[in-house]
Amino acid sequence: MKDTLGVERPIIALENVEKYYGEYYALRGISAEIRQGEFFSLLGPSGCGKTTLLRTIAGFEELSGGRLTIDGKDMKRVPANVRPTNMVFQSYAIFPHLTVAENVGFGLRREPLSRDEKARKVAEALEMVGLRGYGARAAHALSGGQRQRVALARALILEPKVLLLDEPLSALDKKMREQMQTELRRLQRQVGITFILVTHDQEEALIMSDRIAVMFEGQIAQLDTPQQLYRRPNTRQVGEFIGVMNFLPATATVSDETHIEVEAAGLGRAVIAPDQLPGGWHPGQTQSVGIRPETMSILFPGETTDRRVAIGTVEDLSYYGDMTYYVVRLDGVDRPMTISMKNLVGRPVLDRGTEARVAWDARSLVLFA
Ligand SMILES: Nc1ncnc2c1ncn2[C@@H]1O[C@H](COP(=O)(O)OP(=O)(O)OP(=O)(O)O)[C@@H](O)[C@H]1O
């Protein structure tokens, strides 16, 4: 939903939200706005507080400090069952002794609707999650993926403003999980409801989300779009958590308003554009640079390039069929780096011990304070 200025209206606003469990400080001042209709993910390692934050939004946990508003209303002392949110859990929490239709229609049992209307809503919800015609089946006889769909249909039938999903796919096998990721994303676009997903799987968050809050130790380290998080992580910790990133020691040599020059170990001198600078950066700090494995390539013998070239040695490699991951030690650098290469036709897979000419580009460097 946009206001008259065309600005996305937040459906959820978190202002300095805190949560203590006794002495333990689980949420340490979380501030964020989640927009109407977006697919938003909370991503972070185990114990960082993402489930606590989700449960706080749902109303299963009380805030220890700060403010939470949903759709403009302060949620203080508003119980979970009257909030415009609904939660889908990792363990599907469906009733095995009921049919699929009874499960999906469960939340409607007290609604002042006729039998026919309820049946129509149930059928619509089943259609939405790809379970048309499954209404009469016994819920206990469903596969994991089907149960998860039933749980989704049961949550969506209540037409919440926000659907909260706590690791909903983590119990599924890899294939099923990938299929459900695409479907959840499609479903979210179709219904236009705000989805908030908790996941520790960075790939899942990247694939599905409009925006992601990366959390460590009860705080949001960075809130951004998937592309921005991947390309311009604010800190090394974020860069390492999202995908693979190589770090090299670097020092800033020249700097002014428009550009800075860094000397990066193994790569040499590079000019950095202002948009590659992290927030709050100023000259004179000790720096490191980050570079993603796929932004570099190893030239095969005789291949030329107009990119910069650094010299190293292949120390190890992992062959994945479509890709090869090389571990390369650049001359003069202690830590080896990872370089990923597509296995194109005619491109040989290099052996261990081979000299590697590594082509790279200053635009793919990310500077860290
Ligand atoms: N009811 C509770 N009482 C005490 N400590 C709790 C309680 N619930 C959560 N915690 C603690 O708060 C921290 C954050 O937990 P939370 O479940 O939010 O993490 P998470 O990021 O969702 O991790 P995971 O992916 O493992 O579920 C953890 O250290 C956890 O032990």
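The legends below describe close-up views of a predicted model.

**View 1. Overall architecture of the predicted protein model.** The protein has eight helices and 20 strands, and its C-alpha trace spans about 75 × 45 × 45 Å along the principal axes. Of its 369 residues, 36% count as buried. Among the contacts between residues at least 6 apart in sequence, 65% join residues that are at least 24 apart.

**View 2. The shell of residues around the ligand.** The ligand is surrounded by Y21, Y24, A26, G44, S46, G47, C48, G49, K50, T51, T52 and H200. Two elements, β2 (24-35) and α1 (50-58), give two or more residues to this shell, and the largest share, three residues, comes from α1. Sorted by class, the shell has four nonpolar, seven polar and one charged residues.

**View 3. Helix α1 and the residue that follows it.** Within α1, the residues K50, T52, L53, L54, T56 and I57 are buried; of these, K50 and T52 also belong to the set of residues surrounding the ligand. An α-helix has 3.6 residues a turn, so residues three or four places apart point the same way. Just after α1, G59 takes a positive phi of about 95°.

**View 4. The open four-stranded sheet that contains β1 and β2.** Four strands are arranged in the order β2-β1-β4-β5, and their pairing is antiparallel. The edges of this sheet are formed by β2 and β5 (73-74), each of which pairs on one side only. Strand β1 (residues 10-21) runs antiparallel to β2 and is joined to β2 by nine bridges, with I12 standing opposite I34 of β2. The edge strand β2 is also one of the elements that give two or more residues to the shell around the ligand.

**View 5. The open six-stranded sheet of mixed pairing.** The strands of this sheet follow the order β6-β7-β8-β3-β9-β10, and the edge strands are β6 (85-88) and β10 (219-224), each pairing on one side only. On average, and with direction ignored, neighbouring strands of this sheet are turned by 20° against each other. Inside the sheet, strand β7 (residues 162-166) and strand β8 (residues 194-199) run parallel and are joined by five bridges; here L165 stands opposite L197 in β8.

**View 6. The largest nonpolar core and the surroundings of V150.** This core has 64 residues, of which V104, V150, A153, L163, I196 and V214 touch the most other members. Helix α4 (residues 144-156) supplies the largest share of the core, six residues. When neighbours within four places in sequence are left aside, V150 is in contact with I94, V100, N103, V104, L131, A139 and L142. A second core, separate from this one, has 26 residues, including A250, A264, V289 and I339.

**View 7. The loop position of L98.** L98 is placed in the loop between β6 and α2 (100-104). Because 16 other C-beta atoms lie within 10 Å, L98 counts as partly exposed, a class that falls between the buried limit of 20 or more such atoms and the exposed limit of 12 or fewer. Not counting residues up to four places away in sequence, L98 touches N103 and A139, both of which also appear among the contacts of V150. From C-alpha to C-alpha, L98 and S143 are 15 Å apart in space, with their positions 45 residues apart in sequence numbering.

**View 8. Strand β19 and its two antiparallel partners.** Strand β19 (residues 355-360) has a covered face made up of A356, V358 and W360, and an uncovered face made up of E355, R357 and A359. In a regular strand the side chains alternate between the two faces of the sheet. Strand β15 (residues 297-299) pairs with β19 in the antiparallel sense over three bridges, and in this pairing S297 stands opposite A359. Strand β16 (residues 308-319) likewise pairs with β19 in the antiparallel sense, over six bridges, and the bridge partner of I311 in β19 is R357. The residues A359 and R357, named in these two pairings, both lie on the uncovered face of β19.

Methods
Residues numbered from 1 in each chain as written. Predicted model: local features only at pLDDT ≥ 70, side-chain atom pairs only at ≥ 80, totals over all residues. Near = placed C-beta within 6 Å. Nonpolar A, V, L, I, M, F, W, Y, C, P; charged D, E, K, R; others polar. Pairing = 2+ DSSP bridges. Core = buried A, V, L, I, M, F, W, Y, C linked by C-beta atoms within 7 Å. Contact = placed C-beta atoms within 7 Å. Axes fitted to C-alpha atoms, helices over the stretch in contact; angles between N-to-C directions.
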